[in-house]
Amino acid sequence: QVQLVESGGGLAQPGGSLRLSCTASGSVFNIATMGWYRQAPGKQRELVATISSGGSPRYADSVKGRFTISRDNAKDTVHLQMNFLKPEDTAVYYCRADNHYGVSLSSWGRGSRVTVSS
């Protein structure tokens, strides 16, 4: 089992930036892919970005060119740099760690709330 602790987030104006971080502990040797998901009010949770153990990123079309996911394997940490934020980015952001089979290694945590508003 892996435990994930998210940090960062908060309030930003449209066009602004925020940075999220997630640190894993526990059975981290099983982690292959780490990623970020988000759930906006009244909507289903959706994929934002993932990054493989080798550093290959994937992004949802809605965030391409604005968000950057990065990973520090030595610290078992994944970051999400969010630039040019839009009101529709408002959501609770959750970190996830998967094994090589794409199976989640942890339960969803409390997440980090991101609010984009003027």
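Me: Let's start with the smaller picture of strands. What order do the strands take in the open sheet of 4 strands?
Reply: The order is β1-β3-β8-β7, and the pairing is antiparallel. Keep in mind that this is a predicted model.

Me: Which strands stand at the edges there?
Reply: β1 (2–8) and β7 (67–72) do. Each has a single partner strand, so one side of each is left without a neighbour in the sheet.

Me: How are neighbouring strands of this sheet turned against each other?
Reply: By 15° on average, with direction ignored.

Me: How many bridges join β1 to β3?
Reply: There are 7, and the two strands run antiparallel. β3 covers residues 18–26. As one example, Ser-7 has Ser-21 in β3 as its bridge partner.

Me: OK, other sheet. What's the strand order in the open sheet of 6 strands?
Reply: It goes β2-β10-β9-β4-β5-β6. The pairing in this sheet is mixed.

Me: And which strands are at its edges?
Reply: β2 (10–12) and β6 (57–59). Each pairs with a single strand, so one side of each has no neighbour in the sheet. On average, neighbouring strands here are turned by 25° against each other, direction ignored.

Me: How do β4 and β9 run, parallel or antiparallel?
Reply: Antiparallel, with 7 bridges joining them. Trp-36 takes part, and its bridge partner in β9 is Cys-95.

Me: What stands opposite Trp-36 in β5?
Reply: Ala-49 does. β4 and β5 (residues 46–51) pair in the antiparallel sense over 5 bridges.

Me: What about β9 and β10, how many bridges there?
Reply: They pair over 3 bridges, again in the antiparallel sense. Ala-91 has Val-114 in β10 as its bridge partner.

Me: Stay on β9. How many of its residues are buried?
Reply: 8 of the 8 residues are buried, so β9 is largely enclosed by the rest of the structure.

Me: Which residues are on each side of β9?
Reply: One side has Ala-91, Tyr-93, Cys-95 and Ala-97. The other has Val-92, Tyr-94, Arg-96 and Asp-98. Both faces are covered, and all of these residues are buried.

Me: Back to Ala-91. Why does Ala-91 count as buried?
Reply: Because its relative accessible area is 3%, and the cut-off for buried is under 20%.

Me: What is Ala-91 in contact with?
Reply: Leaving aside neighbours within four places in sequence, Ala-91 is in contact with Arg-38, Gln-39, Ala-40, Ser-112, Arg-113 and Val-114. Take Ala-40 from that list. Ala-91 and Ala-40 are 51 residues apart along the chain, yet their C-alpha atoms are separated by 4.1 Å.

Me: New topic, rings. How many aromatic pairs does the count come to?
Reply: The count is 2 aromatic pairs. In one of them, Tyr-37 and Trp-108 sit edge-to-face, at 5.4 Å centre to centre with 70° between the planes.

Me: Where do Tyr-37 and Trp-108 lie along the chain?
Reply: Tyr-37 is in strand β4 (residues 33–39). Trp-108 is in the loop between β9 (91–98) and β10 (112–116). They are 71 residues apart, so the pair links distant parts of the chain.

Me: Are those two buried or exposed?
Reply: Tyr-37 counts as buried, at 16% relative accessibility. Trp-108 is partly exposed, with a relative accessible area of 36%.

Me: And what is the geometry of the Tyr-94 and Trp-108 pair?
Reply: Edge-to-face, with 5.8 Å centre to centre and 70° between the planes. Tyr-94 is in strand β9, and Trp-108, in the loop between β9 and β10, is 14 residues apart from it. Tyr-94 counts as buried, at 11% relative accessibility.

Me: Which residues form the aromatic cluster?
Reply: Tyr-37, Tyr-94 and Trp-108 form one cluster.

Me: What lies over the face of Tyr-94?
Reply: Arg-45, at 4.4 Å from the ring centre. Arg-45 also lies over the face of Trp-108, at 4.1 Å from that ring centre.

Me: Last one, Thr-50. Where is it, and is it buried or exposed?
Reply: Thr-50 lies in strand β5. It is buried, with a relative accessible area of 9%. Beyond its neighbours within four places in sequence, its contacts include Thr-33, Met-34, Gly-35 and Ile-69.

How values were computed. Residues are numbered from 1 along each chain as its sequence is written. This is a predicted model: local features need pLDDT of at least 70, side-chain atom pairs count only at pLDDT 80 or more; totals for chains, interfaces and linings use all residues. Side-chain values use heavy atoms; hydrogens and water are left out. Rings of Phe, Tyr and Trp (its six-membered ring) pair if their centres lie within 6.5 Å; planes under 30 degrees apart count as stacked, over 60 as edge-to-face and the rest as tilted. Buried means under 20% relative accessible area, exposed over 50%, partly exposed in between (1.4 Å probe, protein chains only). A charge sits over a ring if NZ of Lys or CZ of Arg is within 6 Å of the ring centre and within 35 degrees of the ring normal. Contact means heavy atoms within 4.5 Å. Two strands pair if DSSP finds at least two bridges between them. Axes are lines fitted to C-alpha atoms, for helices over the stretch in contact, and angles run from 0 to 180 degrees between N-to-C directions.
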